[in-house]
Amino acid sequence: MALYLLVFAVCLLVFGGMVALLLLSGTSRFRTDPERLLALFDQALENRVDETEWNAVMGYPIRHDDYLDSTRRRAQRLMDEHGSHGRAARGRPLLDETGHAELEALRAHLAGRQALRERQHSVK
């Protein structure tokens, strides 16, 4: 009977420790910031972006900032309308000329908004 109680106590301790560890550990989160989007847009405009990286960032919703999420959705739409999957792997630009021009405009708009926000934060 003592052996049964000892095994039961050890199993209870192991399972209890695992449950406590899972409850106390937080879920990892990927938080896209404006600088990351600007860097990715720059890479795409310079034809240095990896298509897997583009799809990973553009496919992940941005829940903490509605403006950034709308920018991400617009860039994703640009890829759907003006891009061709597998172009970067073949050494070609990720977007065609029209998509490239629209991505430049989107990047300029995001950079201008970010500069304005930084200026407002520095004034305060």
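**Exercise 1. Find which residues L103 touches, not counting residues up to four places away in sequence.**

Start with the rules of the model. It is predicted, so local features need pLDDT of at least 70 and side-chain atom pairs count only at pLDDT 80 or more, while totals for chains, interfaces and linings use all residues. Residues are numbered from 1 along each chain as its sequence is written, and side-chain values use heavy atoms, with hydrogens and water left out.

Next, look for contacts (heavy atoms within 4.5 Å). L103 touches F41, A44, L45, W54, L78 and L95.

**Exercise 2. Work out how many residues the largest nonpolar core has, and which helix gives the most to it.**

Such a core is a set of buried Ala, Val, Leu, Ile, Met, Phe, Trp, Tyr and Cys residues joined through side-chain atoms within 4.5 Å. Buried means under 20% relative accessible area, exposed over 50% and partly exposed in between, with a 1.4 Å probe and protein chains only.

The largest one has 21 residues, and L37, F41, W54, M58, L103 and L110 have the most contacts inside it. At least two residues come from each of α2, α3, α4 (66–82) and α5. The helix that gives the most is α2, with six residues. Helices here are DSSP runs (H or I, at least four residues), numbered from the N terminus.

In soluble globular proteins, nonpolar side chains tend to be buried together.

**Exercise 3. Describe the aromatic pairs of the structure.**

Rings of Phe, Tyr and Trp (its six-membered ring) pair if their centres lie within 6.5 Å; planes under 30 degrees apart count as stacked, over 60 as edge-to-face and the rest as tilted.

There are two pairs. In the stacked one, Y4 and F8 lie 6.5 Å centre to centre, with 15° between the planes. These two are about one helical turn apart, because they are four residues apart in helix α1 (residues 2–24). Y4 is exposed at 55% relative accessibility, whereas F8 is partly exposed at 47%.

Now turn to F41 and W54: their ring centres are 6.2 Å apart and their planes at 45°, so this pair is tilted. It links distant parts of the chain, with F41 in helix α2 (residues 34–45) and W54 in helix α3 (residues 51–58), 13 residues apart. Both F41 and W54 are buried.
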